[in-house]
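Hi,

Here is the structure I promised to pass on to you. Have a look at it first, and then read on for what I found.

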Amino acid sequence: MPERLERHPGLDFYAYQSGHALADQPEAYGLAMSFAFQPNGRPVVNAEPCYEGHGHHGAYGRFDAFAVRRAFWSSVLSGASAGFAYGAHGLWSWHRRGQLFTKAHASQVPFDWRTALRFPGALDAALGRWLMERYGMLGCRPAQELLIDAPSGIRAAVSRDGNTLMAYVPFSHAVHFRLAPDEFSFELFDLEARCPMWPEVRETDEGVGIEMADVNSDVLVIGRRKQ
């Protein structure tokens with residue numbers, strides 16, 4: 001961004017588009033972090049993630065509820081904690097079955113808006129907002145430095161007061177934190193089933209380990225500082 005725009009008093013927040021690429025959506029967290037660490041500290045919003053039901057940008061296939069969850073948590077825990085614009089393919093354009101759509105080669109034909117209105121990813125996005133509020137994570141800051149040897153797709157953040165830690169794990173995998181063993185208590189949340197779980201926690205040479213969850217889905221690790 002040009003420096004003159006960066007300094008402009010009319011620039012209130014950053015908005016970015018993580019897009020509809022099929023890979024592991026690195027833009028969702030990469031762009032969030034690039035804006036979050038600007039010295040002015042403006043809020044960051046992922047204004048256009050992958051839309052549920054949207055095509056894989058020219059390749060066969062469509063984004064599902066898991067892809068939406070992955071984009072949501074990868075964004076908000078990496079710096080885009082001011083917002084996430086959930087979208088459903090067909091609803092954004094109020095598409096009607098049989099209506100002409102000129103970008104089907106890239107985006108696939110949209111669903112009728114009444115069908116798109118019932119996609120489950122909207123509930124996942126709403127639950128994500130609830131969890132962020134419930135655990136005091138609105139305005140959180142990225143904390144990748146707390147993760148030990150984690151794949152880049154696992155994202156971590158801490159609350160503004162430092163009393164809550166969250167890590168998003170898109171595929172079942174153990175997670176190790178650089179923390180004092182008795183500093184936090186931990187919970188797990190199965191994001192596909194939308195239900196809490198009890199994690200298996202163990203002390204390691206470098207900190208704390210959360211064993212791989214017994215679910216073949218994405219999970220949220222929640223740490224709360226002990227009083």
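Which residue does the side chain of Arg194 meet in a salt bridge? The partner is Asp124, with N and O 2.9 Å apart. Please keep in mind that this is a predicted model.

I started with this pair because it ties together parts that are 70 residues apart in sequence: Arg194 lies in the loop between S10 and strand S11 (195-197), whereas Asp124 belongs to helix H6. The two ends of the bridge also sit in unlike surroundings: Asp124 is buried, at a relative accessible area of 6%, while Arg194 is partly exposed, at 35%.

That led me to helix H6 itself, which runs over residues 121-134. At 1.5 Å a residue, its 14 residues should span 20 Å, and the end C-alpha atoms are indeed 20 Å apart, so expectation and model agree. Asp124 has company inside: the buried residues of H6 are Gly121, Asp124, Ala125, Leu127, Gly128, Leu131 and Met132. They cover an arc of only 160° around the axis, which means that they lie on the same side of H6. The general background is familiar: an α-helix has 3.6 residues a turn, so residues three or four places apart point the same way.

What lies over that buried side? The cover includes helix H3 (65-76) and the strands S8 (164-169), S10 (184-190) and S14 (219-225).

H6 also holds a salt bridge of its own. Glu133 pairs with Arg129, and their closest N and O atoms are 2.7 Å apart. Both residues lie in H6, 4 residues apart, or about one turn of the helix. Here both partners are partly exposed: Glu133 has a relative accessible area of 41%, and Arg129 has 46%. Just after the helix, Gly136 takes a positive phi of about 65°, in case you want to look at the backbone there.

Now for the other salt bridges. How many are there in total? The count comes to 9. Another one of them joins Glu211 and Arg202, whose side chains meet at 2.3 Å, N to O. Both ends are partly exposed, with relative accessible areas of 24% for Glu211 and 38% for Arg202. There is a network as well: salt bridges that share partners join Arg69, Asp124, Arg194 and Asp218. The pair I opened with, Arg194 and Asp124, is thus part of that network.

Finally, a few words on the chain as a whole:

- The chain has 6 helices and 14 strands.
- With 227 residues, a compact globule would have a radius of gyration near 17 Å; the chain has 19 Å, which agrees.
- Along its principal axes, the C-alpha trace spans about 60 × 50 × 30 Å.
- Buried residues make up 48% of the 227 residues.
- Of the contacts with a separation of 6 or more, 66% come from residues 24 or more positions apart.
- The chain exposes about 11800 Å², and carbon and sulfur atoms supply 54% of that area.

If you open the model, I would begin at Asp124: this residue is on the buried list of H6, and its side chain meets that of Arg194 in the salt bridge.

Best wishes

How values were computed
Residues are numbered from 1 along each chain as its sequence is written. This is a predicted model: local features need pLDDT of at least 70, side-chain atom pairs count only at pLDDT 80 or more; totals for chains, interfaces and linings use all residues. Side-chain values use heavy atoms; hydrogens and water are left out. Helices (H or I, at least four residues) and strands (E, at least two) are DSSP runs, numbered from the N terminus. The expected span of a helix is 1.5 Å times one less than its number of residues. Buried means under 20% relative accessible area, exposed over 50%, partly exposed in between (1.4 Å probe, protein chains only). The arc is that of the directions from the helix axis to the C-beta atoms. Contact means heavy atoms within 4.5 Å. A salt bridge is a side-chain nitrogen of Lys or Arg within 4 Å of a carboxyl oxygen of Asp or Glu. The radius of gyration is taken over C-alpha atoms; the globule rule is 2.2 Å times the number of residues to the power 0.38. Accessible areas come from the Shrake-Rupley method with a 1.4 Å probe; for residues, only the protein chains shown count as cover.
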